[in-house]
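This briefing covers ring pairs, charged contacts and the nonpolar core of one protein chain. Keep the structure open while reading.

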Amino acid sequence: MKKSASLLFVIIVLLSCGRNDSEIRITGIKCNNLENPAGVNPEPQFSWVPASGLRGARQSAYQILISTDEVSLKSEEKCFWNSGKIISPRSYGIKAAVHFQPSVNYFWKVRAWDQDDNPSEWSSPAFFITGLFQKKDWGGAIWIGYE
């Protein structure tokens, strides 16, 4: 009996090593309600779905990283914008507190914290491409915009 209890304890410890204890995962990340959109306005809105199979699981905070290249986004260093941990259950209509440049490909990812303050894994990376915001951004092209 003592051997089987010890074996059970070792199995539990091994299964819990390296495990993410968050009860939520991030799915369905979108920018302006689209996956990887192009021609995005200067104030994009971000959204995601915090998903869980556990009853009562909920998002208590989130963090967004935005970068102009995938390497910086993956390494989480020298990112264009890091929201830091934002205490909020919101996962839609989130605006970045940064000025985006026209005609730039931005990469982004998000993670969330659950009700027990355990962080989820980062979402899969996504991207968006900003549009041309003003007449001067178009260079020699024909401008039919609004000013």
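Leaving aside its neighbours within four places in sequence, which residues is S91 in contact with? The partners of S91 are F46, S47, W48, P50 and Q59. The model is predicted. S91 itself sits in the loop between strand 6 and strand 7. S91 is buried, because its relative accessibility is 11% and the cut-off for buried is under 20%.

**F46 and its surroundings**

- F46 is buried, with a relative accessible area of 0%.
- Residues up to four places away in sequence are not counted in the contacts of F46. The contacts include K30 and C31, then I64 and I66.
- A run of further contacts of F46 includes S91, Y92, G93 and I94. A96, F100, W108 and F128 also touch F46.

**Aromatic pairs**

- The count of aromatic pairs comes to nine.
- The rings of F46 and W108 have centres 4.7 Å apart and planes at 55 degrees. This pair is tilted, because its angle falls between the limits of under 30 degrees for stacked and over 60 for edge-to-face.
- F46 lies in strand 3 (residues 45-51) and W108 in strand 8 (residues 105-114). The pair therefore ties together parts that are 62 residues apart in sequence.
- W108 is buried, with a relative accessible area of 0%.
- The rings of F80 and F100 have centres 5.8 Å apart and planes at 35 degrees, so this pair is tilted.
- F80 lies in the loop between helix 2 (70-75) and strand 5 (81-82). F100 lies in the loop between strand 7 (94-95) and strand 8. The pair links distant parts of the chain, 20 residues apart.
- Is each of these two rings buried or exposed? F80 is partly exposed, with a relative accessible area of 30%. F100 is buried, with a relative accessible area of 1%.
- Ring pairs link F46, F80, F100, Y106, W108 and F128 into a cluster.

**Charges over rings**

- R90 lies over the face of Y92, at 5.0 Å from the ring centre.
- The charged end of K109 sits over the ring of W122, 4.9 Å from the centre of that ring.

**Nonpolar core**

- The largest nonpolar core has 20 residues.
- Which members touch the most other members of this core? They are F46, W48, I64, I66, W108, V110 and F128.
- Strand 1 (25-31), strand 3, strand 4 (59-67), strand 8 and strand 9 (126-130) each supply at least two residues of the core.
- Strand 8 gives the largest share, four residues.

**Salt bridges**

- How many salt bridges does a search of the whole structure find? The search finds three.
- Side chains of opposite charge can pair when their charged atoms come close.
- E43 and K95 meet through their side chains in a salt bridge (3.4 Å, N to O). E43 lies in the loop between strand 2 (38-40) and strand 3, and K95 lies in strand 7. The pair therefore ties together parts that are 52 residues apart in sequence.
- E43 is exposed, with a relative accessible area of 52%. K95 counts as partly exposed, at 46% relative accessibility.
- K109 and E76 meet through their side chains in a salt bridge (3.3 Å, N to O). K109 lies in strand 8 and E76 in the loop between helix 2 and strand 5, so the pair ties together parts that are 33 residues apart in sequence.
- K109 counts as buried, at 7% relative accessibility. E76 counts as partly exposed, at 37% relative accessibility.
- K85 and D117 meet through their side chains in a salt bridge (2.6 Å, N to O). K85 lies in the loop between strand 5 and strand 6 (86-87). D117 lies in the loop between strand 8 and strand 9. The pair therefore ties together parts that are 32 residues apart in sequence.
- K85 is partly exposed, with a relative accessible area of 37%. D117 counts as partly exposed, at 43% relative accessibility.

**Residues with several roles**

- F46 pairs with W108 through their rings. F46 also touches S91.
- K109 takes part in a salt bridge with E76. The charged end of K109 also sits over the ring of W122.

Terms used
Residues numbered from 1 in each chain as written. Predicted model: local features only at pLDDT ≥ 70, side-chain atom pairs only at ≥ 80, totals over all residues. Heavy atoms only, no water. Phe/Tyr/Trp six-rings, centres within 6.5 Å; stacked < 30°, edge-to-face > 60°. Buried < 20%, exposed > 50% of the residue type's maximum accessible area, 1.4 Å probe, protein only. Lys NZ or Arg CZ within 6 Å of the ring centre and 35° of its normal. Core = buried A, V, L, I, M, F, W, Y, C linked by side-chain atoms within 4.5 Å. Contact = heavy atoms within 4.5 Å. Salt bridge = Lys/Arg side-chain N within 4 Å of Asp/Glu carboxyl O.
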